[in-house]
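Student: I would like a close look at one part of this model, namely the place where the ligand is held. Please take me through the surroundings in one connected account.

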Amino acid sequence: MYSVKQISSQQTYAVRQPVLRPGKHIDSCIFDGDDLPQTVHFGVYDSDNLVGIVSVFRVSHPDFANANQYQLRGMAVLPTHQKKGLGDLLLEAAENYIKQQGTDLIWFNAREVAVGFYSKAGYTISGELFEIPTVGPHYVMFKLV
Ligand SMILES: CC(C)(COP(=O)(O)OP(=O)(O)OC[C@H]1O[C@@H](n2cnc3c(N)ncnc32)[C@H](O)[C@@H]1OP(=O)(O)O)[C@@H](O)C(=O)NCCC(=O)NCCS
């Protein structure tokens, strides 16, 4: 019933906008590097309907010395489909892709409200809570792969 597929950056907007940028202009859904060749986007479908997304960027964080790092961005599941295991399905797809790239470390800026979700998936907080303007409080989280 649910399937995960690679999608385009433009396809992510249908979930990025309502879940991550509610009430904001569609341009706020465009992330730097979305269309770089090393960037990939995954979508989870309920039949033909896109209901969740995550994106993978080849970006390093200055706090980590590891040579090969990937950043997750734009993890979101529509409210109608949350708490059904779809976030975990998306994480699994992203992690499988990242592991195939010879990566040492996965990191991201986690919304404070989502820290429990990522902790369950084996990610660790690094450093202090910080504010991303217009989005809210975040922690850097990471996992060695
Ligand atoms: C965070 C989010 C992606 C999780 O997706 P989801 O499909 O609801 O997550 P899952 O159903 O796969 O949850 C996996 C596990 O994490 C738990 N979990 C999910 N969201 C959680 C949260 N916010 N806090 C603590 N635990 C959480 C689930 O209960 C489940 O636990 P279990 O395996 O013991 O049953 C989703 O809630 C979402 O889109 N939230 C709004 C946007 C957001 O905050 N995105 C993250 C930006 S960094």
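Student: Where does the ligand sit?

Tutor: In this predicted model, the ligand sits in the largest pocket, which has a volume of about 990 Å³. Of the 33 residues that line this pocket, Met75, Ala76, Ala114, Phe117 and Tyr118 are the closest to its centre. Helices H1, H2 and H3 and strands S4 and S5 each supply at least two residues of that lining, and S4 gives the most, with 7 residues. By class, the lining has 17 nonpolar, 9 polar and 7 charged residues.

Turning from the pocket to the ligand itself, there are 21 residues around the ligand, of which Val77, Lys83, Gly85, Gly87 and Lys120 come nearest. This shell draws at least two residues from each of helix H1 (9-20), strand S4 (69-77), helix H2 (86-100), strand S5 (105-111) and helix H3 (115-120), with the largest share, 4 residues, coming from H3. The shell residues divide into 11 nonpolar, 5 polar and 5 charged.

As for polar contacts, a polar backbone atom of Gly87 is 2.8 Å from an oxygen atom of the ligand, and a backbone N or O atom of Asp88 lies 2.9 Å from a ligand oxygen atom. Lys120, by contrast, uses its side chain, a polar atom of which lies 2.8 Å from an oxygen atom of the ligand. Of the 900 Å² of accessible area that the ligand has on its own, the protein covers 73%.

Terms used. Residues numbered from 1 in each chain as written. Predicted model: local features only at pLDDT ≥ 70, side-chain atom pairs only at ≥ 80, totals over all residues. Heavy atoms only, no water. Near = heavy atom within 4 Å. Polar contact = N/O pair within 3.5 Å; in protein donor to acceptor, adjacent residues only side chain to side chain. Areas by Shrake-Rupley, 256 points an atom, 1.4 Å probe, with all protein chains shown as cover. 1 Å grid on protein atoms, 1.4 Å probe; cavity = no way out; pocket = protein on both sides within 12 Å on 5 of 7 lines; lining within 4 Å. Sits in = over half its atoms within 2 Å of the grid points. Nonpolar A, V, L, I, M, F, W, Y, C, P; charged D, E, K, R; others polar. Points joined across faces, edges and corners; volume = space filled by probe spheres on them.
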